[in-house]
Amino acid sequence: MNFQPQPSSLVDDRGQVALGVFPATVSQINGRDADYRTPMGSRASAFARHFHYKQFQYFGIISDDLLAGCALAHTAWLGIAFFYTFEPRTGTLKEYTWRSPLGRDLHMSDSPRNGVSYFRQKGVDIELGYREDNQALTKTFSITLEGLQLQATMEEGSSYQPMSLCTRTGINGWVYANKVAGKGVTGTLTRDGETLDLQALNASGHHDFSAGYMRRETFWNWACLSTHADGRHIGLNLSCGVNETTFSENCLWVDDVMIPTGGVMFDYNRDDLMQPWRIRSLCGRVDMTFTPSGNHRERLNLGLFASNFNQLFGRFDGSLHLDDGTTVAIKARYGFVEEQYAKW
């Protein structure tokens, strides 16, 4: 991997945005300091600078017995939070969505290294936390609902290599994305008086911190796996349709080492998303079949803002081919794939 120089802040004092893949998580995503312009080259209005800027943060938990995910999204027009739990053995899906006009109930951290994001309405309290200690990063997630409380912690450690990159979008836009997978998760889920220990479930986690002047209208696929195989921590972050201008977020992890992959093909039946998916990288490192067993769906069409979102839970089967000639077999490991259309 040819890294670009590590910036302390994503936008410098001249408003220029650092582009490329970086060796570590960027400390400050000061996106609104960017020299954002119109397509004709003049400085964008204060209205455009505010309402065109988007932020998205996600924490996911994966195990054989429980999958859970929580997202906070701020489109400037609307703040959205969703949370779900899925139990593969029974097929039980519980899902919740909350919305806040203009994001009044939502606060998003500008730093994936130190800060707190939260969503608070009557009956719901969600926090995503970011903490740095001697270059070791920790991500936390907590949610409190009636009859349910979940607290989770994911330690990256000082030697972990995240996917940290910033790519151009369109003539004047850009997106910073920080992706993490292949790390263990500790914590507890308490619901209806019963407590589950996430470490006892051998749970793994994944995380996404994205922000920027994104495309007004876009469509993408995404796949994520965070598990153990052949005695090693394994992670996958694969996408098609976003973060592909010059640099790509596609990668896998073996223990703490991030390994880039080439472009990824998602072959699936758009008329029946519950049919098996074939996911493979053009470099040959990834060749997987994904068999869905559940779907968290969000559909919203407000004209100005629209989303058609499907995040499917299921099993990955296949193989990862490493540069040293070894092959890691993936057999019935749970993870996620995603199909989304968004108009921001």
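**Exercise 1. Work out how much of the chain is buried, and how its surface is made up.**

Solution. Start with burial: 53% of the chain's 344 residues count as buried, where buried means under 20% relative accessible area. Keep in mind that this is a predicted model. Next, turn to the outside: the chain exposes about 14,600 Å², and 47% of that area is supplied by carbon and sulfur atoms.

**Exercise 2. Check whether the overall dimensions fit a globule, and look at the fold behind them.**

Solution. First, take the expected value: a compact globule with 344 residues would have a radius of gyration near 20 Å, and the chain agrees because it has 19 Å. Second, look at the extents: the C-alpha trace spans about 55 × 50 × 50 Å along its principal axes. Third, list the elements: the chain holds one helix and 23 strands. Finally, consider the contacts with a separation of 6 or more: 52% of them join residues 24 or more positions apart.

**Exercise 3. Describe the largest pocket and its lining.**

Solution. Begin with volume, which is about 380 Å³. Then find the centre: among 22 lining residues, Tyr-36, His-52, Met-214, Arg-215 and Arg-216 are the closest to it. Helix H1 (residues 46–51) gives the largest share of this lining, three residues. By class, the lining has 12 nonpolar, six polar and four charged residues.

**Exercise 4. Do the same for the second largest pocket.**

Solution. Here the space is about 260 Å³. Of its 14 lining residues, Val-17, Asp-35, Arg-168, Asn-172 and Trp-174 lie closest to the centre. Sorting the lining gives six nonpolar, five polar and three charged residues.

Conventions
Residues numbered from 1 in each chain as written. Predicted model: local features only at pLDDT ≥ 70, side-chain atom pairs only at ≥ 80, totals over all residues. Heavy atoms only, no water. 1 Å grid on protein atoms, 1.4 Å probe; cavity = no way out; pocket = protein on both sides within 12 Å on 5 of 7 lines; lining within 4 Å. Points joined across faces, edges and corners; volume = space filled by probe spheres on them. Helix = DSSP H or I, 4+ residues; strand = E, 2+ residues; numbered from the N terminus. Nonpolar A, V, L, I, M, F, W, Y, C, P; charged D, E, K, R; others polar. Rg over C-alpha atoms; globule rule 2.2 N^0.38 Å. Buried < 20%, exposed > 50% of the residue type's maximum accessible area, 1.4 Å probe, protein only. Contact = heavy atoms within 4.5 Å. Areas by Shrake-Rupley, 256 points an atom, 1.4 Å probe, with all protein chains shown as cover.
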